[in-house]
Amino acid sequence: MPARERQTFPLVPRRRLIGLPFGDLPSRRRGHGSDVIGTRPYEIGDPVSTIDWFATARLSAATGRDEFIVRDRASDEAPRVALVCDRRPAMGIYEPSLPWLSKPAAVREATAAIVASAMTARADVASLDYATGEPYWLPPGRRDVPWLVAERQGEATPFTAPEDNVELALAYLGRLHRDLPTGSFVFVLSDFLEPPQSDTWLDAAARGWDVVPVVVQDPVWEQSFPRIDSVVVPIADPRDGAVHTVRLSRREVEARLKLNEERLRRLLAEFVSLDLEPVLIGTSDPQEIDRAFVEWAEVRRQSRWAR
């Protein structure tokens, strides 16, 4: 689905950012914007439109002389948006024609949703992956980079990244201070079946980034488990494609069901404990993915006002 047809979601920040001019989000810098951050005495050259007439009237009445007060505002700027895409072999399953979640298709559609929303917010977009074992970094840009980011998720890009590629990617981004200043959004797309250590997330948050885990898991085989006891099932190893037949008992199926559900519960609980707000995706349908991001943004917007 073309980016212009996607249902975009607002980039709701957790903190003030240091971004690009002509955006919609309040930054750390003073300037022309919609967010009032304080008041101060009038100085020669201040626009009349910035005068707080109610505060001016109160102060003038109290002092007995004309004292003008102006509002200071935060300038409205655009954030930078970076995508970290997990391209280890387990993220390369399955073909879209098969009756299971196609993780490559889900990642492509999630990437399209993020890119479309970043473009709507006039944000620069960047991406990083370790598809071939080495970092492939597309630095922030607003013109051609969004299309290159989407193209990078095509079939030509392999799924041969090392198992710890998410940790490697976040460490790599930590060396790019100029490219990703405070307040930058970093969307991390992975199934997180083997999640990074907590210190990895804490280090990323300490850099002032707005880190968003995007959890891509099959709702039947990874978030839960089907009732396949006493049935012979062919299982393929994503690393080498070798196929093995497996037959599970009812007790083994029940144990796997509880294990998978508990694994997802622990993962989401860990994100919450780290003050991260994940997006859970179990489909490659563009509309469902768009809806998941819109709901994430709305929850974040409400929690922001509640703080």
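This is a guided tour of one predicted model, moving from its pockets to its salt bridges and then to its surface.

**The largest pocket**

Begin by selecting Ile 93, Tyr 94, Glu 222, Ile 235 and Ala 236, because these are the residues nearest the centre of the largest pocket, which has 28 lining residues. The space inside this pocket comes to about 980 Å³. To see which elements contribute to the wall, colour strand S8 (232–236), strand S9 (243–247) and helix H6 (250–273), each of which supplies at least two residues of the lining. Strand S8 gives the most, with 4 residues. If you then colour the lining by class, you should find 18 nonpolar residues, 9 charged residues and 1 polar residue.

**The second largest pocket**

Next, select Gly 92, Tyr 94, Glu 95, Pro 104 and Phe 159, which are the closest to the centre of the second largest pocket among the 17 residues that line it. The volume of this pocket is about 300 Å³, and its lining is made up of 8 nonpolar, 5 polar and 4 charged residues. Keep Tyr 94 highlighted for a moment, since it is listed near the centre of the largest pocket and also near the centre of the second largest one.

**A network of salt bridges**

Return now to Glu 222, one of the residues nearest the centre of the largest pocket, and add Lys 103 to the selection. These two residues form a salt bridge in which the closest N and O atoms are 2.7 Å apart. Glu 222 sits in the loop between strand S7 (210–216) and S8, while Lys 103 belongs to helix H2, so that the pair links parts of the chain that are 119 residues apart. Are these two partners buried or exposed? Both Glu 222 and Lys 103 are buried.

A second pair to select is Arg 88 with Asp 191, whose salt bridge has its closest N and O atoms 2.7 Å apart. Arg 88 lies in the loop between strand S3 (80–85) and H2, and Asp 191 lies in the loop between strand S6 (185–190) and helix H5 (198–206), so this pair ties together parts that are 103 residues apart in sequence. Arg 88 and Asp 191 are both buried as well. With Asp 86 and Glu 163 added to the four residues already selected, you have a network linked by salt bridges, consisting of Asp 86, Arg 88, Lys 103, Glu 163, Asp 191 and Glu 222. In the whole structure, a search finds 19 salt bridges.

**Towards the surface**

For another salt bridge, select Glu 67 and Arg 65, where the closest N and O atoms are 2.6 Å apart. Glu 67 is partly exposed, with a relative accessible area of 23%, whereas Arg 65 counts as exposed because its relative accessibility is 51%.

Move along to Phe 68, which lies in the loop between helix H1 (53–63) and strand S2 (69–78). Phe 68 counts as partly exposed because its relative accessibility is 34%. Adding Tyr 42, Val 48 and Trp 53 to Phe 68 shows a nonpolar surface patch of about 410 Å².

**A last stop in helix H2**

Finally, select Ser 117, which is found in helix H2 (residues 103–120). Ser 117 counts as buried because its relative accessibility is 1%. Val 81 stands 36 residues away from Ser 117 along the chain, and the C-alpha atoms of the two are separated by 9.8 Å.

Conventions. Residues numbered from 1 in each chain as written. Predicted model: local features only at pLDDT ≥ 70, side-chain atom pairs only at ≥ 80, totals over all residues. Heavy atoms only, no water. 1 Å grid on protein atoms, 1.4 Å probe; cavity = no way out; pocket = protein on both sides within 12 Å on 5 of 7 lines; lining within 4 Å. Points joined across faces, edges and corners; volume = space filled by probe spheres on them. Nonpolar A, V, L, I, M, F, W, Y, C, P; charged D, E, K, R; others polar. Patch = residues over 30% accessible without salt bridge, like charges linked within 9 Å, V, L, I, M, F, W, Y side chains within 5 Å. Areas by Shrake-Rupley, 256 points an atom, 1.4 Å probe, with all protein chains shown as cover. Salt bridge = Lys/Arg side-chain N within 4 Å of Asp/Glu carboxyl O. Buried < 20%, exposed > 50% of the residue type's maximum accessible area, 1.4 Å probe, protein only.
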